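Dear colleague,

I am passing on the structure we spoke about, with the sequence alongside. Please look through it first; my notes follow below.

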Amino acid sequence: MAAVFFVAAFSACGAAGGTADGGQQTSSRGGLLGGITGKLGQGGVKPTVADPANAPDRDNTPKVLTCETGSKTFSGNGGTVDYSNIDSGYIMAKYAGSNPKIKIQITNAADKNTYTYDLTPNADFTSFPIQDSGNFTIAVFTNISGDQYSQACAQQVTAQLTDQLQPFLYPNQYCWFTDSTQAVAKGADLSKGAKSDLKVIENIFIWMTGNVKYDYDLAKNVQSGYVPDVDRTLTTKKGICFDYAALMACMLRTQNIPCKLVVGYAGQEYHAWISVYVNGQGWVYNMIQFNNDTWTFMDPTFAANGATGDPNKNDGTAYNPIYYY
């Protein structure tokens, strides 16, 4: 098998991956959501969502989806991929062998967009997201030397998602959680009394704003392949933007609010943020951002008017999403 070369991309946000996927740049606006955008656009943290007194109670019990293996697998040279639940929006993979550097690639056959992940040798199955329906090539690679890798096993598979939102409710390598994850319990605690998804989003956002600090030391020393640990971020109350996004995504997903962990560029900076799905509004893109030491709850159009210090202020296109996890 011919050698494949991997070039890892990383920055202070600690993310690495493959090619761009052309994600949407739009954001929902108007109504209650527009009001939140305006009031919190400059980093404010005062509550602005008021649930109607007669609104029905929201079920704020944590809902933790579990990734499972099944009977649909392929393997070779130590690598094993389980795609039994690909229609639910994820696959699982593991490597058993002596090679210390393993990668897994997921390539969409339609547009050739490729996601590349590190796979920990001799560990349990790890979950990776499948964001769309379609045909995919999934391949495991073992290191030869330097940045050269050889294909261990590969197969083309087809995904027919039963629910387009499901991939963003499940845990995955970059946003991992279980029933015993402390961040899940914290999200439930912050959601107490909230009668709407918007109130849950705001409560969690305000807690993050007031309690989690940016870790400049980690930002200076983070290595390619960095993976967030939501409970570590919760306990230490510090992290880089990748950690902020993963922790908030965990809390929202386990409150049954679909949440995309997004990695891309804010101006020239490699960056991580989230996009949320709000009933009646749809996907809200590029609304919650983190810029080194300031959280901003924002709409890109609002920022384009110069109300924040974000690089979006010129024409609303500075935020460029590349990967969705």
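Which residue in β3 does Ser 75 stand opposite? Please bear in mind that this is a predicted model. The residue opposite Ser 75 is Thr 80, and the two strands concerned, β2 (residues 73-76) and β3, pair in the antiparallel sense over four bridges. Two residues lie between these strands in the hairpin, where Asn 77 takes a positive phi near 55°. On its other pairing, β3 is joined antiparallel to β4 (residues 90-95) through four bridges, with Tyr 95 as the bridge partner of Gly 79. Within β3 (residues 79-82), Gly 79 and Val 81 point one way while Thr 80 and Asp 82 point the other way, and all are buried.

Turning to the core, the largest nonpolar one holds 77 residues, and Ile 91, Ile 104, Leu 247, Leu 252 and Leu 261 touch the most other members. Helix α6 (residues 241-253) contributes the largest share of this core, 11 residues. Ile 91 has contacts that include Val 81, Asp 82, Ile 104 and Phe 128, leaving aside residues up to four places away in sequence.

As for charged pairs, there are six salt bridges. One of them joins Asp 197 and Arg 58, with the closest N and O atoms 2.8 Å apart; this pair links distant parts of the chain, 139 residues apart, from helix α3 to the loop between α1 and β2. Asp 197 counts as buried because its relative accessibility is 16%, and Arg 58 counts as buried at 15%. By contrast, Lys 192, which forms a salt bridge with Asp 189 at 3.4 Å, counts as exposed at 60% relative accessibility.

Best regards

Terms used:
Residues numbered from 1 in each chain as written. Predicted model: local features only at pLDDT ≥ 70, side-chain atom pairs only at ≥ 80, totals over all residues. Heavy atoms only, no water. Core = buried A, V, L, I, M, F, W, Y, C linked by side-chain atoms within 4.5 Å. Buried < 20%, exposed > 50% of the residue type's maximum accessible area, 1.4 Å probe, protein only. Contact = heavy atoms within 4.5 Å. Pairing = 2+ DSSP bridges. Salt bridge = Lys/Arg side-chain N within 4 Å of Asp/Glu carboxyl O.
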